[in-house]
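Biologist: I should like to understand the terms used for this model before relying on them. Could we begin with the structure itself?

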Amino acid sequence: MGTERAFYACLGLGTLAAAGWGTSTGGVEGLLFAVFATLTLGGGLVCLWERSVVRSAFALLATFGGVAGLFLLLGADFLAMAQILIYVGGILALILFGVMLSPPDMGERKLSRVGLGLAAVGGAFAWVGAKVAATVSWAQAPGPLAPPEQSHAREIGVGFLAADQYVVAFELAAVVLTVALVAAVYIARRKITDFEEPAETGGSA
Amino acid sequence: MEHGNLIHELLGGVAPEGVPAWAIVLVTAVIGVSLLIGVVSVIAMFSVWLERKVSGHIQCRYGPMYVGGWHGWAQSIADGVKLLMKEDMIPLGADRVLFVLAPALVLGSIFGAMAAMPLAPGFYFADINLGVFFILGMSALTTIGVIMSGWASNSKWSLYGAMREAAQVVAYEIPLGISLLAPLMVAGTFNLLEASEAQSGWFGMKWFVFQNPFLIPAAILFFVAALAETKRAPFDLPEAESELVAGFMTEYSGIRWSFFFMEEYAAMFLMSLVGAVFFFGGFESPFTSLAEWAFVTEAGADGSALRTAGLFELPLLYHVTAGTVLAAKALFGVFLMMWVRWTVPRVRIDQVMTMGYKYLTPLALVVVLFAGTWEWLLS
């Protein structure tokens, strides 16, 4: 119980620190960014930390919500809503459906799993950070960014389909998904022979 | 946000001097959320009373008759007070954190969805470009709350209810979304206010269902899918009081339990409202046209001007008429849902799945194909 409290206390303190830092550097938007970023990262941490796999799945809710919030801050409303609708409404519901029958409290905490996850994420971050830092020309730092324009669904649709570059990829993805769906149904379908009665072994009248 | 929001309108679009920006954001947020909670609570309380009256009359009895005098109108208020007074119980084996979090998530997300709800032209909490998309996303969040409540209760009944909810919602979200695609193609917008505007004309009868005949089957599909999405009978399998005690809310009592009910009635109203806006004309009706003709005499009174005009720049009576028309349409949808509940027996879970995957989804796809072809040929 002690480690549990300590972990969540650290998480809370980290959130407060991030919120304070965000507010002091970016005002209301900075605060919102800090909140969404800590939701995203904190959800991932809790997902690694929790012993119960169902609690881990629920922690993903915070991660998906945080990512949606970041999209909102960037002015990408459509992406944010799609994130909620697809990841929370579809994928998270499916994950929960899969793991829901596990008991509330199970097994001991695998600290190696937490460490491994953190190491992987940290490594990925370091790699991406190095790549980004190599490409940015730091000399010409831009001034304050203009507020993002709201994305209308019509513009997204027109830009997506009329530009002649995404249509083929879009249609191909749709076809691949349909094929995968049909294949899954075919594999999962019970064969007709499964329903046949086992042959009588004789004896009983 | 190009038009600001209700609070901004109330302030006259001008920030008072000497007040920092964050304070204005905070105050408008607090006022807006309080208003929203008030509206949602009143809708939920009225719907509970209506449900009891409707079920009573369908079963040849009166329903509540005593509390408050006329037809027991205060019954819901009395029930609310009682529920607030009840002991707050959390089962010993429950996952305390998630058990407490679940009703909050359910109610919070439906409040969020309600923020995209227009009350009258120019009277809205948040004018969201992707209004209907936002509403669908927030309804998806309530599903997670229901699953959370079922699992956290650590009870077999609750768990069965939660599993049914997960299976049912995954199955019915597809036909719900696809059947909405048909009116979205006609409207060309996700915004509820703009969709309502697109139906003005023909003396208030230029509803989408009359513009495109394939929207009539789409409306029926939407209604069935919305019934399943809001867990209403005959799709109330997550609750299923005759099999699962009370399904996912078996272990809940008092005010937490009532949160689930508030969510259910608020979601019913919201789904009916989305249906009313995207199929049945939104604010438009002969009454609205009459009110527009009688009260809106100033120049530039076409649909777009009405929307960009502020709340108090046009005669209030026009707004009241338009808002009442939309509320009446939405409430009629709620009444239809109640009517179905007290008429049709509950279906089995395999029948729910069969209907969702084998019939509703392909039908919705076909309807969208025909509706799109019609639009394409006419344009």
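Modeller: The following exchange sets some of the values against their definitions.

Modeller: This is a predicted model, in which local features need pLDDT of at least 70 and side-chain atom pairs count only at pLDDT 80 or more, while totals for chains, interfaces and linings use all residues. Residues are numbered from 1 along each chain as its sequence is written, and chains are lettered from A and ligands numbered from 1 in the order in which they are written.

Biologist: What makes the pattern of chain A α-α-α-α-α-α?

Modeller: Helices are DSSP runs of H or I with at least four residues, strands are runs of E with at least two, and both are numbered from the N terminus. Chain A has six helices and zero strands, so the pattern read along its sequence is α-α-α-α-α-α.

Biologist: Which element gives the most to the side of chain A that touches chain B?

Modeller: Residues are in contact if their C-beta atoms, placed from the backbone, lie within 7 Å. By that rule, 24 residues of chain A are in contact with 29 residues of chain B. On the chain A side, α3(A) gives the most, with 13 residues. That side divides into 17 nonpolar, five polar and two charged residues. Here Ala, Val, Leu, Ile, Met, Phe, Trp, Tyr, Cys and Pro count as nonpolar, Asp, Glu, Lys and Arg as charged, and the others, Gly among them, as polar.

Biologist: Why is the span of α15(B) called close to the expected one?

Modeller: The expected span is 1.5 Å times one less than the number of residues. Helix α15(B) has 30 residues, so 44 Å is expected, and it reaches 42 Å from its first C-alpha to its last.

Biologist: How do you know that α15(B) bends, and where?

Modeller: The bend at a residue is the angle between axes fitted to the seven residues ending there and the seven starting there. At B:L360 this angle is about 35 degrees, and a proline, B:P362, follows within four residues.

Biologist: Which residues of α15(B) are called buried?

Modeller: A residue is buried if 20 or more other C-beta atoms lie within 10 Å of its own. B:V352, B:M355, B:G356 and B:L360 are among those that qualify in α15(B). What covers the buried residues of this helix includes α6 and α9 of chain B.

Biologist: What classes of residue make up the contact of α9(B) with α15(B)?

Modeller: The contact has twelve nonpolar, one polar and no charged residues. Among its members, B:L221 and B:V224 belong to α9(B), and B:L363 and B:V367 to α15(B).

Conventions. Two residues are in contact if their C-beta atoms, placed from the backbone, lie within 7 Å. A residue is buried if 20 or more other C-beta atoms lie within 10 Å of its own, exposed if 12 or fewer, and partly exposed in between; C-beta atoms are placed from the backbone.
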